[in-house]
Amino acid sequence: MNMKIQLLVRQYPHMIGLARYVSALQASLSSIGVEYSSVEPDYPFPVRLGDRMLRRRGYDIKTFFTNYPVAARLDKDAVKHLTTQLMGSLLSFKPGMRRVVITVHDIVPYLMRDDPEQCEYHHFYDRWMDQLAMNSLRRADCLISISEFTKQMLVERLGCAPDRIQVILYGLDHEIFRPLPADEAFRTRYQIEPGTRYLLYVGSENPRKNLPRLVEAFAHVRQTLPDVQLLKVGTPENVEQFQKLKSQIHALGLDEAIRFVDHGAKRSMRFVFMRMSVATGASTFRLTASLRLRIESIRFSLIRKGSHCDWIPRE
C-alpha cells in the first residue's frame, strides 16, 4: 500500500526562503518517485465574509488566515506535512488530526515577543494567533527542526517532546553553489567592481534580523576602511522596516556605501556569494543555516581544489 502524502503550502508573493524550501521539497519528492499532492489553506465562510467587509479598511484577513490556517481539505489517512511552523494553528482548530509532520524553521518571533525593538506583532491578534500556533506544535506526531538550536528552543520554551523532533539541516544544490569565475555580465548587472571589498548581508528587514545593528557596525568599519561596501541582498518584505532602515542609512551618511539588490536567479546569486570579502549575519540568534551552507560549500570547494579564498564567513 502506497503512503499518501499531502503538503500544506501557501502562495508566496516573492521567492523568499520559505518558498524555496517548499519548491525544493516538492522537487526532491518527485526526484525519488514519491507521489504527493499540494494543498492550500481553506477559508470558511466567516473568513471569506470578514475579508470582504474589512479589506476596504486595510485589513487583509485572507492573507492572515493563509499564514495561520484554520481549515484545509486534508485526507484523514494521509501523512500531512505542514511546511511552516505557523501552520501549527490548524491543529488548534482540528484537534483530532493525526499523522501530522510540521517543519519548524524558527520560533524567533515568539521568543522575541516581549522585546519592544524586535517584536513583530502589529496587533493583539497577531500575538494571540502566533501563541496558538506555537502551543499547537507539541500536538504534531513529528517536528522537523532545521537546526539543533531550534530543537533546543522547542523543548525548553514550548515543552515539545525531544523524541518527536528530527533535526534535518537545510541542503543546497552543489551544481549551483560552487566556485566559478564571474563574467562581465554579472559585474555589470550588480555593479560589482573587481578591486572593491564587499560585505554581504542576505535576508529581510524583519526586526528579528537585527539589521540596524549591522548598519551601525558598518558605519564604524567605514571610519577605518572607507572603501568597503555593504551589499544587502533580498526583496523587501516589511515596507515599514525598510523605510526606517533607509532613514537610518541616510542619517549616518551611508547612502553611497550600502546597496540594495533584489533576489536574482540562483545562478546569479552564487556569484554574489563568491565575490564577497565577508559574509555577515546580524540576527540576535544565529547566522541563517542556508546562508552558512552556501558560504561553507563554496569555501570548502575552493580549499579542496587548492584555490585561494579571499573572504571569511563570520557571524
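**Exercise 1.** Does Glu216 count as buried, partly exposed or exposed, and what is its relative accessibility?

*Solution.* In this predicted model, Glu216 has a relative accessibility of 37% and counts as partly exposed. Its salt-bridge partner is Arg213, with the closest N and O atoms 3.7 Å apart, and Arg213 is likewise partly exposed, at a relative accessible area of 39%. The two residues both lie in helix α9, and because they are 3 residues apart, about one helical turn separates them.

**Exercise 2.** Work out which parts of the chain are linked by the salt bridge between Glu205 and Lys232, and whether these residues are buried or exposed.

*Solution.* Begin with the contact itself, in which the closest N and O atoms of Glu205 and Lys232 are 2.5 Å apart. The pair links distant parts of the chain, since Glu205 sits in the loop between β7 (198-202) and α9 (211-224), whereas Lys232 belongs to strand β8 (residues 229-233), 27 residues apart. Turning to accessibility, Glu205 is buried, with a relative accessible area of 3%, and Lys232 counts as buried at 2%.

**Exercise 3.** Describe the salt bridge between Lys4 and Asp75 in the same manner.

*Solution.* The closest N and O atoms of Lys4 and Asp75 are 2.2 Å apart. Lys4 lies in the segment before β1 (5-8) and Asp75 in the loop between α3 (61-67) and β3 (79-82), so that distant parts of the chain, 71 residues apart, are linked. Lys4 is partly exposed, with a relative accessible area of 37%, and Asp75 is partly exposed at 26%.

**Exercise 4.** State how many salt bridges and how many disulfides the structure holds.

*Solution.* The structure holds 9 salt bridges and 0 disulfides.

How values were computed
Residues numbered from 1 in each chain as written. Predicted model: local features only at pLDDT ≥ 70, side-chain atom pairs only at ≥ 80, totals over all residues. Heavy atoms only, no water. Disulfide = S-S within 2.5 Å. Salt bridge = Lys/Arg side-chain N within 4 Å of Asp/Glu carboxyl O. Helix = DSSP H or I, 4+ residues; strand = E, 2+ residues; numbered from the N terminus. Buried < 20%, exposed > 50% of the residue type's maximum accessible area, 1.4 Å probe, protein only.
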